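I opened this notebook to keep track of what I looked up in one structure. The entries are short and follow the order in which I went through it.

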Amino acid sequence: MITEQTLIIGANSDIGKAIAAQIQASENTGLILISRDLTPPNSVPSDLIAANVTKISVKDYQAESIDQAVAELAQHKHAPITRVFVCNGILHNDHIKPEKRLEDFDSQAFMEIMTSNSLTPMLWIQKLTPLLTGKSPCKFVLFSARVGSISENRLGGWYSYRASKAALNMIVKTASIELARRAKNIKLIAFHPGTTDTPLSKPFQKNVPANKLFSPEFVAKQLLDIVENTPLDQTASYLDWQGEAINW
Ligand SMILES: NC(=O)c1ccc[n+]([C@@H]2O[C@H](COP(=O)([O-])OP(=O)(O)OC[C@H]3O[C@@H](n4cnc5c(N)ncnc54)[C@H](OP(=O)(O)O)[C@@H]3O)[C@@H](O)[C@H]2O)c1
């Protein structure tokens, strides 16, 4: 019998897929996947698709689409949602490259990155909070990055991506202050996976030592352990893949 559910948003992320694959192993945990593309083998390898998986498609991550997804989600709330993973994030795409210097900055690209990396997670926090507030503990993970740390920025570059993750961190911190008053069961975690072998890091892997380039499976296992062991303390945490705190 399903006694709790895990929600993975942006489930087509390679790290999201690895989390889904590891959770599949458990019988009493329902899995809810939200993505723009849920056709196998996306999101969950087809051989792992089982009865305890619910899929919700979104057209995009605009507020209206998120409202529709949350309305659909409410109908599937047979058991409490105890873990949420918001995987959304872009660093590059066919028309965006991270900036090396001021001359590379482009307003349109900045807006696109801020939208996917900061605004989308903000909307998920806003719209999911009513559904998650209650007695059952809920660990709510938002994928950030170490480069979003203002105090640890020594290398420079990547203006838009850094700014979008710093903005996300501020959103997480600010929301945790409000949730400490009105939803004490929700713990927000901004998570840095480390450099992980996914499409997002592909163009930037050549200078990464082999032992510092993680597989999505390794990161998913680390994250599930971190989520298990992080207490509900009504404050936001900014943690890396080892569970170590990063300076904001
Ligand atoms: N890989 C790394 O080395 C690394 C390092 C630090 C931080 N991170 C962070 O970890 C998270 C997961 O990344 P990943 O490495 O698994 O990357 P990935 O496989 O490239 O996944 C991309 C994710 O972004 C979503 N997405 C793509 N375009 C979007 C848009 N326009 N608006 C909103 N969402 C969009 C996708 O959702 P759909 O399911 O709808 O496609 C998917 O969840 C990201 O937030 C990333 O910034 C990754």
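**Entry 1: a strand and its partners**

I started with a single pair: Ile-9 has Val-86 as its bridge partner in β4. The model I am reading is predicted, so I treat each value as computed from that prediction.

I then looked at the strands behind this pair. Strand β1, residues 4-9, runs parallel to β4, and 5 bridges join them. I noted β5 as another partner of β4, again in the parallel sense, over 4 bridges. In that pairing I found Arg-83 opposite Lys-139 of β5.

How many residues of strand β4 are buried? I read 6 of 6 for residues 81-86, and I put the strand down as mostly covered.

I also followed the chain from β4 onward. Together with helix α3, residues 107-132, and β5, strand β4 makes a β-α-β unit, and the unit is right-handed.

**Entry 2: the nonpolar core**

Next I looked up the largest nonpolar core, which has 35 residues. Which of them touch the most other members? I listed Leu-7, Ile-9, Val-84, Trp-124, Leu-128 and Phe-140.

I checked which elements supply this core. At least two residues each come from β1, β2 (29-35), α2 (63-75), β4, α3, β5, α4 and β6 (186-192). Helix α3 gives the largest share, 6 residues.

**Entry 3: salt bridges**

I counted 9 salt bridges in the model. I looked at some of them one by one.

Asp-14 pairs with Lys-17, and their closest N and O atoms are 3.4 Å apart. I placed both residues in helix α1, residues 14-23, where they sit 3 residues apart, about one turn of the helix. Is Asp-14 buried or partly exposed? I wrote partly exposed, because its relative accessibility is 26%.

Arg-146 took longer, as I found it in a salt bridge with Glu-152 and in another with Asp-240. For Glu-152 the closest N and O atoms are 3.3 Å apart, and for Asp-240 the figure is 3.0 Å. The pair of Arg-146 and Asp-240 links distant parts of the chain, 94 residues apart. I located Arg-146 in the loop between β5 (138-143) and α4, and Asp-240 in strand β7, residues 237-240. Through shared partners, Arg-146, Glu-152 and Asp-240 are joined into one network of salt bridges.

I then looked up the cover on each member. Arg-146 counts as partly exposed because its relative accessible area is 30%. Glu-152 is also listed as partly exposed, at 24%. Asp-240 is buried, since its relative accessible area is 3% and the cut-off for buried is under 20%.

**Entry 4: back to helix α1**

I returned to helix α1 for Ala-20, which is found there. Its relative accessible area is 0%, so I entered Ala-20 as buried. I also took a distance from Ala-20 to Ile-32, which is 12 residues away along the chain. Their C-alpha atoms are separated by 9.0 Å.

**Entry 5: two backbone angles**

Most residues other than glycine have a negative phi, so I looked for exceptions.

Trp-158 has a positive phi of about 55° and is not a glycine. I found Trp-158 in the loop between β5 and α4. With a relative accessible area of 27%, Trp-158 is partly exposed.

Gln-234 is another non-glycine residue with a positive phi, here about 60°. Where does Gln-234 lie? I traced Gln-234 to the loop between α5 (216-229) and β7. Its relative accessible area of 32% is why I wrote partly exposed for Gln-234.

**Entry 6: a patch on the surface**

Last, I looked at the surface. Leu-102, Phe-105 and Tyr-159 make a nonpolar patch of about 310 Å². I placed Tyr-159 in helix α4, residues 159-182. Tyr-159 counts as partly exposed because its relative accessibility is 36%. That value fits its place in the patch, because patch residues need over 30% relative accessible area.

Key
Residues are numbered from 1 along each chain as its sequence is written. This is a predicted model: local features need pLDDT of at least 70, side-chain atom pairs count only at pLDDT 80 or more; totals for chains, interfaces and linings use all residues. Side-chain values use heavy atoms; hydrogens and water are left out. Patches are made of residues with over 30% relative accessible area and no salt bridge: like charges are joined within 9 Å, nonpolar side chains (Val, Leu, Ile, Met, Phe, Trp, Tyr) within 5 Å. Accessible areas come from the Shrake-Rupley method with a 1.4 Å probe; for residues, only the protein chains shown count as cover. A salt bridge is a side-chain nitrogen of Lys or Arg within 4 Å of a carboxyl oxygen of Asp or Glu. Buried means under 20% relative accessible area, exposed over 50%, partly exposed in between (1.4 Å probe, protein chains only). Two strands pair if DSSP finds at least two bridges between them. A crossover is right-handed if, with the strands pointing away from the viewer, the path from the first strand over the helix to the second runs clockwise. A nonpolar core is a set of buried Ala, Val, Leu, Ile, Met, Phe, Trp, Tyr and Cys residues joined through side-chain atoms within 4.5 Å.
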